Amino acid sequence: MIKINLIEYFESTVDQFPNKLAVVDGTSQLTFKELTQRAKLIATHIAKKSDAINSPVAIYLPKTNDAIASFLGTMYSGNCYTPLDTKNPAPRIEAILKALKPSCIITNNKFLANLQKCDLDVDIINLDELDGNEKVNESYNYKKCVDTDPAYILHTSGSTGVPKGVVISHLSIIDYINWVADTFDITENEKIGNQTPFIFDMSTLDIYLMIFRGATLYIIPEHKFIFPATLLDYINEHEINFIFWVPAVLVNIANLKLLDTNKIPTVKKVLFGGEVMPPKHLSYWIKSLERKIVYGNMYGPTEITGTCVYHIVDDSFNEDESLPIGIPCRNTDILVLNDKEELCKVGEQGELCVRGSSLALGYWNNFEKTNTVFVQNPLNKSVPERIYRTGDIVFLNEKGEYIYIGRKDFQIKLSGYRIDLGEIEHYILSVFDTINAGVFFDKAKEEIVLVYESETEIPVKDFRIKLMEVLSKHMIPTRYIKMDVLPKSTTGKIDRALLNKQINNI
Amino acid sequence: MKEKIITFLTEIRPEFDFSESSNFIEEGMLDSFDIVSLVASLDEEFEISIDGTEILPENFSSVEGIIQLLNKNGVTE
C-alpha cells in the first residue's frame, strides 16, 4: 500500500535497519530501534496532555538526537512539530508562541529556565524527567491523520515583527524526499553531515533522508563551523559522504584554501542552497576535490517545502558566469509571471511562482498573509488551483534554465537566514521609540545597516545591547549611520530608494 | 598589540568585555561570522595572512591565545 504518513516511512525503515545508526550528535548516538523507542515515549507523554490531533507541539531544544526524537514523537501522537530557536531572545519566542498556541512545549532541564522567562500558560514536557523504562502506549493517533495534515510548522521572518509559521503537510514532504532520494541516489550507505539548524527548511532534506532511506544523520556540533579546519577533521573522522550546506560555509572553506591541505576523500555529494553560491568559490571546490563528485544547487523557499528548482553542475560550468538555479523538480511546475499575470517569454524577467504538491498549507493562524501569496493560478480560469508567489525575480534562459535575479521586496538572505528588513525595523523602533530610523542591506559587504535620525551620536554598544534582547544575532545591524535629518519623500516617509542607492553606491 | 586586539574584538561585539574572559568560544562571545571578521582585521592591521589551519579554538579563546598566534606569524609589537 502507498504510504501516506511520515511515521509509516519511519516504521518501514526501522523494520529494515533496526540496529543501524540513525542519529549521531555531539554527545550520543541512537540506532533506529532506540530512536523509535525514544520517540514513542515522547508520544505517550504528549498524548497524556491532550488527545487532540493536528495541533502544534513546540520543540525548544538545541540541535540534538532528542530534538529528532521529539519531532517523531510529535508525529506519532498525530500532531505537528514546531522547532524553536534556543538562541532567540525571549520576546521573539513569546511572539511565536502567542501566535502558534501550541498544545505543549518539549524542552529539557537546561532550557527550561529560558521558557520560564516568557509569559506563557502552556504545558511543558521536560525530557530530563522522562523515565526510559516507562511502558509506552502503543495506540498512536497518527493513524487518524490524512496525508494533507500538517507535519511541521517552520517560522520565517515577517515584515510586521511577528514571524510567519509555514505549515507543511506530510504529503509535501513525501513528495519532496522521494524526489531527492531518487535524484541523488540516496541509500542507507549515506552518511549525512548536517549543518543547517532545524528551524531551516534545508534540514528537512537531511532529517528525512535518514527517515526514508535509513541513512545516518550526523548532527555536526555547531562550534565545528566556527573553526572550519576542525569541521574537515570531523568529516574525515566520521567518513561523511553527503552534505547539504549553506554557501557561506563552503565559501569560508574556499577563502581559507583549506582543501589544499585538508583533503576530504569520503565526500561524494555536495549540495547547497539557501542563498546564492558564488561560482568562483564553487570552482575552488571542484578543482580541489575528486572529479566524480556531484554538486547540486538547490533553490526553493520554505513555503514549497524544500527545493522546487535545481541545477546539477556539469561540464558547462564556467566560474565567470552565475550559476543557474536550474530546472523544476519532478511533480513541480514553475510559472514565471509578469506584471500583467501572463507567462514570461524566454529572457523576460518575472516573478517565480510554484505549482504542485510541495505547496505549504499556508501560514498558521494567518489567513490574511496566506491569501496574499497562496493565490489562484491566474492561467486557470476553470477550477480552483493554488500557486505560491515566491517574490523572487527570475528569467528563463535559452537553455531552459532559470536564472535568479533578486527580490521584489525587502527580504534578504544572510548565511541562509531569511530576514525581512521590516521585522528588524519593527523591533528597533519598538525599543528606541524616540528615533526615526530605516534598515538597509549593503549587498557588496553583506551587511545590515541602520540609518537613524538624531542630533547626537548613539554609541553602537547602546544599540547592540538593547537589540540583543529582542533580535536574533544575525538580524542585528553591524553598521550604524547617524544623519542629522533623513531624506524624506513628499509624503513625509523615509526616502528608502535614495538611502538604498547611497548605501549600495548605485 | 593587546589593545589593538581588544579594540577589534569590541568593534565586532561591543556588548562583551573581552578583557575579562578567557574562553570566548565556550561563552558564546564569538561565532563563525565574528571569527571571519576578526581574522580579516588582524590580517590587514598586521600585514599577515593567518592560515586556515591556524584558525583553531585554542588560538581564539582568549586575548593571550590571539597574541601567541600573532607572534607565530612574526608579529612582535
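Visitor: Which residue follows helix 7 of chain A, and what is the sign of its phi?

Guide: That is A:Gly214, with a positive phi near 80°. Helices here are DSSP runs (H or I, at least four residues), numbered from the N terminus. A word on the background: this is a predicted model, where local features need pLDDT of at least 70, side-chain atom pairs count only at pLDDT 80 or more, and totals for chains, interfaces and linings use all residues. Residues are numbered from 1 along each chain as its sequence is written, while chains are lettered from A and ligands numbered from 1 in the order in which they are written.

Visitor: How do you know that the span of helix 7 agrees with expectation?

Guide: The expected span is 1.5 Å times one less than the number of residues. For the 12 residues of helix 7 (residues 202-213) of chain A that gives 16 Å, and the end C-alpha atoms are 17 Å apart, which agrees.

Visitor: Why is helix 7 of chain A called largely enclosed?

Guide: Because 12 of its 12 residues are buried, among them A:Asp206 and A:Arg213. Buried means that 20 or more other C-beta atoms, placed from the backbone, lie within 10 Å of a residue's own (exposed: 12 or fewer; partly exposed: in between).

Visitor: What makes a set of residues a nonpolar core?

Guide: Its members are buried Ala, Val, Leu, Ile, Met, Phe, Trp, Tyr and Cys residues joined through C-beta atoms within 7 Å. The largest such core has 145 residues, and A:Ile59, A:Ile106, A:Leu209 and A:Met210 touch the most other members. Apart from it lies another core of 22 residues, including A:Tyr417 and A:Phe463.

Technical notes:
Helix = DSSP H or I, 4+ residues; strand = E, 2+ residues; numbered from the N terminus.
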